[in-house]
Amino acid sequence: MARAYLHADAPSTAARVLLQADHIAPAEVRHRPAGRDTVAQVARDPDAPTTITQLALTLGLLCP
């Protein structure tokens, strides 16, 4: 779902979906390559919420 929201130019909604997924099934977001790539893409968006940026930093997907 998060990728669909990214394609629809809705990064804040994509971030919300990823954070919900991280709460329900953290391994899917934190360990699967597709989940990690999506977190990184959302976090790089200038309009990304700080919560997803913090998750990306925690996962080592962004440099501080």
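The paragraphs below lead through the helices of this predicted model, then through selected residues and the largest pocket.

Because the model is predicted, local features are reported at pLDDT of at least 70 and side-chain atom pairs count only at pLDDT 80 or more, whereas totals for chains, interfaces and linings use all residues. Residues are numbered from 1 along each chain as its sequence is written, and side-chain values rest on heavy atoms, with hydrogens and water left out.

Helix 2 (11–24) is a convenient place to begin; here helices are DSSP runs of H or I with at least four residues, while strands are runs of E with at least two, both numbered from the N terminus. The 14 residues of helix 2 should span 20 Å at 1.5 Å a residue, and its end C-alpha atoms are 20 Å apart, which agrees; the expected span is 1.5 Å times one less than the number of residues. Pro 11, Ala 14, Ala 15, Val 17, Leu 18 and Asp 22 are the buried residues of helix 2, where buried means under 20% relative accessible area, exposed over 50% and partly exposed in between, with a 1.4 Å probe and protein chains only. Seen down the helix axis, these buried residues of helix 2 fall within an arc of 165°, so they line one face; the arc is taken over the directions from the helix axis to the C-beta atoms. On the face turned away from that buried side, helix 2 carries the exposed residues His 23 and Ile 24, while its buried residues pack against helix 1, helix 3, helix 4 and helix 5.

Within helix 2, Asp 22 is buried with a relative accessible area of 13%. Not counting residues up to four places away in sequence, Asp 22 touches Val 29, Arg 30 and Leu 55, a contact being heavy atoms within 4.5 Å.

Leu 55 also appears among the buried residues of helix 5 (50–58), together with Ile 52 and Ala 56. Viewed down the axis of helix 5, its buried residues fall within an arc of 100°, so they line one face of the helix. The cover over these buried residues includes helix 2, helix 3 and helix 4, whereas the face turned away from the buried side carries the exposed residues Thr 50 and Thr 58. Thr 51, also in helix 5, counts as partly exposed at 44% relative accessibility, and its C-alpha atom is separated by 10 Å from that of Ser 12, 39 residues apart along the chain. After helix 5 comes Gly 60, whose phi is positive, near 75°.

Helix 4 has 12 residues and reaches 17 Å from its first C-alpha to its last, close to the 16 Å expected. Its buried residues are Gly 35, Thr 38, Val 39, Ala 40, Val 42 and Ala 43, and they pack against helix 1, helix 2, helix 3 and helix 5. Thr 38 is buried at 4% relative accessibility and, leaving aside neighbours within four places in sequence, is in contact with Ala 2, Arg 3, Leu 6 and Leu 18.

Thr 38 is also one of the residues lining the largest pocket, among them Met 1, Ala 2, Arg 3, Leu 18 and Gly 35. A pocket is an open set of points on a 1 Å grid over the protein atoms alone, where a 1.4 Å probe fits, with protein on both sides within 12 Å along at least five of seven lines, and lining residues have an atom within 4 Å of a point. The volume of the largest pocket is about 180 Å³, meaning the space filled by probe spheres set on the points, which are joined across faces, edges and corners.
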